[in-house]
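Here is a short briefing to read alongside the structure. Please keep the view open and follow the topics in turn.

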Amino acid sequence: IFADESSKELVVHTADNKIFVLREEKGSWLSRSLEAEVEDTKMEDIMPWQNGEFWGLSKGKLFFRKKTDTKAAWWPFRLKPDKDKEFEWSVKKMALDSKANVIWLWAGESILRIDEEEARKLNWKEALKNVVLFKVGIDGALWVSDGTILWRVGQEGAATTYEKDVKPFVS
């Protein structure tokens with residue numbers, strides 16, 4: 001399940017590879033399937049963005065869902081950060097921070113950060129061969145783990161902690 005607070009949408013991936021969008025409107029939840037839209041592209045991952053838009057990942061390529069008045073289409077988003085245009089990134093995982101308009105991508109051994117103005121490759125000291133966690137936290141930082149080490153990327157402020165940020169409750 002992936003959620004976007006600003007649009008009050010959830011994207012649900014079921015065990016049998018079906019994808020649904022749940023949207024909250026006036027206290028009720030509406031459901032619609034994205035299966036017909038993504039059938040040709042075989043989307044592996046879809047996440048909600050702002051204003052009912054979505055980002056998707058299929059076969060190492062990033063897609064953006066553009067909506068018109070009557071229908072929607074998935075458009076490829078090309079990542080060619082080198083000047084010679086000889087190299088194209090193969091994206092393995094994505095994480096979205098819709099509050100800051102930032103998309104984080106793991107492309108094999110590199111991490112990319114895309115905002116409204118530019119795409120940047122982060123200098124990474126460790127070789128990221130296997131990533132099991134790639135999520136944006138409530139503090140806007142990207143959390144990355146290979147199953148043995150946990151890294152915090154971005155947002156220079158203090159990390160969110162249980163002691164300071166999570167209030168205990170009594171049931």
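Strands here are DSSP runs of E of at least two residues, numbered from the N terminus, and two of them pair if DSSP finds at least two bridges between them. With that in hand, look at β11 and β12: a hairpin of 4 residues joins the one to the other. The model is a predicted one, so please read each value below as computed from that prediction.

**The protein as a whole**

- The protein contains 2 helices and 15 strands.
- Its chain has 171 residues, of which 36% count as buried.
- About 11500 Å² of the protein is exposed, and carbon and sulfur atoms supply 51% of that area.
- Take the contacts between residues at least 6 apart in sequence: 30% of them join residues at least 24 apart.

**The open sheet from β5 to β8**

- An open sheet is built from 4 strands in the order β5-β6-β7-β8, with antiparallel pairing.
- At its edges are β5 (45-48) and β8, each of which pairs on one side only.
- From one strand to the next, the twist averages 25°.
- Between β6 and β7 there are 5 bridges in the antiparallel sense; one to look up is that of F54, whose bridge partner in β7 is R65.
- The hairpin of β6 and β7 has 2 residues between the strands, and K59 in the turn has a positive phi of about 50°.
- Strand β7 (residues 61-67) pairs with β8 over 6 bridges, again in the antiparallel sense, and K67 has A72 as its bridge partner in β8.
- The connection from β7 to β8 is a hairpin too, running through 4 residues.

**Aromatic rings on this sheet**

- How many aromatic pairs does the structure hold? There are 3.
- W55 and F64 have ring centres 4.7 Å apart and planes at 55°, so this pair is tilted.
- Both of these residues, W55 and F64, are buried.
- W55 also pairs with F77, and here the arrangement is edge-to-face, with 5.1 Å from centre to centre and 85° between the planes.
- Why does the pair of W55 and F77 tie together parts that are 22 residues apart in sequence? Because W55 lies in strand β6 (residues 54-58), while F77 lies in strand β8 (residues 72-77).
- The two partners differ in cover: W55 counts as buried at 6% relative accessibility, whereas F77 is partly exposed with a relative accessible area of 34%.
- The cut-off for buried is under 20% relative accessible area, so the 6% of W55 qualifies and the 34% of F77 does not.
- Ring pairs link a cluster made up of W49, W55, F64 and F77.

**Strand β11 and its two neighbours**

- Is strand β11 (residues 110-114) largely enclosed or largely open? It is largely enclosed by the rest of the structure, because 5 of its 5 residues are buried.
- In a regular strand, side chains alternate between the two faces of the sheet.
- In β11, S110, L112 and I114 point one way, I111 and R113 point the other way, and all are buried.
- Strand β10 (residues 102-107) runs antiparallel to β11, and 5 bridges join them.
- Which residue of β11 is the bridge partner of W104? That partner is R113.
- The hairpin of β10 and β11 leaves 2 residues between the strands, and G108 there takes a positive phi near 70°.
- β11 also pairs with strand β12 (residues 119-122), over 4 bridges and in the antiparallel sense.
- On that side, L112 finds its bridge partner in K121 of β12.

**A closer look at L133**

- L133 has its place in strand β13 (residues 133-136).
- With a relative accessible area of 30%, L133 is partly exposed.
- Leaving aside residues up to four places away in sequence, L133 touches W143, V144, S145 and L150.
- From L133 to A95 the sequence separation is 38 residues, and the C-alpha to C-alpha distance is 10.0 Å.

Key: Residues numbered from 1 in each chain as written. Predicted model: local features only at pLDDT ≥ 70, side-chain atom pairs only at ≥ 80, totals over all residues. Heavy atoms only, no water. Phe/Tyr/Trp six-rings, centres within 6.5 Å; stacked < 30°, edge-to-face > 60°. Buried < 20%, exposed > 50% of the residue type's maximum accessible area, 1.4 Å probe, protein only. Contact = heavy atoms within 4.5 Å. Areas by Shrake-Rupley, 256 points an atom, 1.4 Å probe, with all protein chains shown as cover. Axes fitted to C-alpha atoms, helices over the stretch in contact; angles between N-to-C directions.
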